[in-house]
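Here's a quick briefing to keep beside the viewer while you look around. We'll start with the terms and ground rules, then go through the fold, the ligands and a few backbone oddities.

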Amino acid sequence: MADFDYDVLVIGAGPGGYVAAIRAAQLGLKTACVESRETLGGTCLNVGCIPSKALLHASEKFEEVSSGVLAHFGVNVSGASLDLGAMMGEKDKVVSGLTGGIAFLFKKNKVDWLKGLASFTGPNTVQVAGKAVTAKNIVIATGSSVTPLPGVEIDNAKGVVVDSTGAIALPKVPEHLVVIGGGVIGLELGSVWRRLGAKVTVVEYLDQILPGMDDDVRKEAAKIFKKQGFDIKTGTKVTGVAVKGKKATVSVEPAKGGAGETIEADVVLVAIGRKPNTEGLGLDRIGLATNARGQIEPDHDFATTVPGVWAVGDVIPGPMLAHKAEDEGIAVAENIAGLTGIVNHDVIPGVVYTQPEIASVGLTEAQAKERGAIKVGKFPMMANSRAKANDEPDGFVKVISDAATDRVLGVHIIASVAGTMIAQAAQAMEFGASSEDIAYTCHAHPTHSEALKEAAMAVQGKPIHM
Ligand code: FAD
Ligand code: NAI
């Protein structure tokens, strides 16, 4: 490849980009990856999936020992106290271990890490840190960033109005945290701070939290979060946030109009979604257009309309999830290498890592009904022996299948280990399983996964333990 510096140059070292770069190098292509952050791993490893899960885990442990909930198991704990500095330190250690791990993998696979912000100067050329770098193929994996709320200024350093990056690094537990947005970030990070002692109010514009999820899941989740102490204000819009010193006043009113009210908070978390990172990339210089949502729309192979330019991850349509970005990263590298890289976008699981966890794959009941006749089977976790033994009664498993063929179209789970259980459902769907296939698969006893088997049996109308 004498004409170019690299066979493949990837812009962005998040789960989409770093995986694409490693896979391309594994396939024998000379590869570089440009990253503007100090460390590799993108949003997910630095300020997203990993630090949030570290805090979710640690705060769950804290709540377990500090709330007295273990007493009925005969475990009495007294004198539990919070060392927030140590908790944050542990989170930072996990993050640096994993981001450092990607640097190691780059070295091992001979991927060059180019530090700086990349911008196109031509279809095969980008400018990085004042230098032109050329590549036969360029993969855009620039990810996403927080959607701002007009009129509300985020200042993570000040720590009063923050985004998710600020909310995973608060120096103290807020007395009152107001979360704007009842989506995944709001509920996960709201859970962290509620468990550590904050009063948490969630303000959601729509009539229900967790948009896009199955209606049964949304209703049940709202009940569970309210029981945990969340104050959830649905159908409510924020009209302004005024900051005075270390306090904020959030003005809200009914989304449909009506009398407004104010809520006093010491921290306001803005979590109303994320937008693709395409600004400043110089896409106009290569004639690459974005859609109305600012996303790049590649074809099925992740090729854009500009020959040699590809795109994966949060910057393209689909759920903004790390594993979706990773799978696309592998597929794009394989396509560049002349292999056949495919991602089945119909089977991308999603997990909300609250307690209980909420996990879904495939179509919601409403989406499935739009396509034709369906059968639905539901099984409550309350009737699952392992969940009962663990005192984890909340939630259910719901299996949706095609009425004519019995092919599984969607699975929705609320359970303490729903994120682990959903892998089985995703694999079954990937293999084109029927609900009967799941029902007649032997599941170990006693496990939470038996609830999936029973929900599949319920599709046929014959669960055993209900
Ligand atoms: P990113 O991870 O955003 O990486 C893009 C990288 O490109 C960034 O490092 C950026 O600095 C770099 N970049 C951008 N522009 C340029 C440029 N011009 N030049 C050089 N570098 C550039 N997903 C899950 O699946 N599970 C979770 O538990 C989960 N938790 C999350 C929690 C939070 C708080 C947040 C914010 C997100 C979470 N996500 C989770 C979503 C997940 O982080 C993203 O879907 C994932 O990181 C997308 O990967 P990506 O490679 O497309 O982009
Ligand atoms: P989100 O899309 O999940 O939720 C945003 C919420 O804000 C929605 O309920 C929406 O209706 C609401 N909203 C929008 N505008 C509003 C307004 N003006 N006032 C009040 N509410 C408003 O987005 P979120 O939580 O910011 O997360 C962004 C993305 O990050 C997620 O979509 C997900 O892809 C990813 N993520 C994934 C996680 C996981 O997989 N566990 C964890 C965290 C983030």
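A polar contact here is a pair of N or O atoms within 3.5 Å; within protein, one must be able to donate a hydrogen and the other to accept it, and residues adjacent in sequence count only if both atoms are side-chain atoms. One such pair to look up right away: a backbone N or O atom of G273 sits 2.9 Å from an oxygen atom of ligand 2.

Before you go on, note that this is a predicted model, where local features need pLDDT of at least 70 and side-chain atom pairs count only at pLDDT 80 or more, while totals for chains, interfaces and linings use all residues. Residues are numbered from 1 along each chain as its sequence is written, chains are lettered from A and ligands numbered from 1 in the order in which they are written, and side-chain values use heavy atoms, with hydrogens and water left out.

**The chain as a whole**

- The secondary structure adds up to 14 helices and 22 strands; these are DSSP runs numbered from the N terminus, with helices being H or I of at least four residues and strands E of at least two.
- The C-alpha trace spans about 70 × 60 × 45 Å along its principal axes.
- For 466 residues, a compact globule would have a radius of gyration near 23 Å, and the chain agrees, at 23 Å. That radius is taken over C-alpha atoms, and the globule rule is 2.2 Å times the number of residues to the power 0.38.
- Of the 466 residues, 51% count as buried. Buried means under 20% relative accessible area, exposed over 50%, and partly exposed in between, with a 1.4 Å probe and protein chains only.

**Ligand 1**

- There are 38 residues around ligand 1, and G16, E35, T43, K53 and A322 come nearest. A residue counts as near if one of its heavy atoms lies within 4 Å of the molecule or strand in question.
- Two side chains to check are R37, with a polar atom 3.0 Å from an oxygen atom of ligand 1, and H323, with a polar atom 3.3 Å from an oxygen atom of this ligand.
- The backbone joins in at P15, where an N or O atom lies 3.3 Å from an oxygen atom of ligand 1.
- Taken alone, ligand 1 exposes 990 Å², and the protein buries 92% of that. Accessible areas come from the Shrake-Rupley method with a 1.4 Å probe; for residues, only the protein chains shown count as cover.
- Two or more residues of the shell come from each of α1 (15–26), β2 (31–35), α2 (42–47), α3 (49–66) and α9 (322–336). Helix α2 gives the most, with four residues.
- By class, this shell has 17 nonpolar, 16 polar and five charged residues. Ala, Val, Leu, Ile, Met, Phe, Trp, Tyr, Cys and Pro count as nonpolar, Asp, Glu, Lys and Arg as charged, and the others, Gly among them, as polar.

**Ligand 2**

- Around ligand 2 there are 22 residues, with E188, E204, G273, M320 and V351 coming nearest.
- A polar backbone atom of V351 is 2.7 Å from a nitrogen atom of ligand 2, and one of V184 is 3.2 Å from an oxygen atom of the ligand.
- On its own ligand 2 exposes 830 Å², of which the protein buries 79%.
- Helix α6 (residues 184–195) gives the most to this shell, with three residues.
- The shell divides into 14 nonpolar, four polar and four charged residues.
- At least three shell residues come from each of domain 1 (6–146 + 275–336) and domain 2 (161–272), with bounds from an automatic or database domain assignment.

**A buried side-chain pair**

- T201 lies in strand β10 (residues 199–203) and counts as buried, at 1% relative accessibility.
- The T201 side chain makes a polar contact of 2.7 Å with the side chain of H176.

**Backbone oddities**

- The Q355 to P356 peptide bond is cis, with omega near 0°; P356 is in the loop between β18 (350–352) and β19 (357–362).
- The H445 to P446 bond is cis too, with omega near -5°, and P446 is in the loop between α13 (435–439) and α14 (450–459).
- K110 isn't a glycine, yet its phi is positive, at about 60°. K110 is exposed, at 68% relative accessibility.
- F302, not a glycine either, has a positive phi of about 75°, and F302 counts as buried, at 2% relative accessibility.
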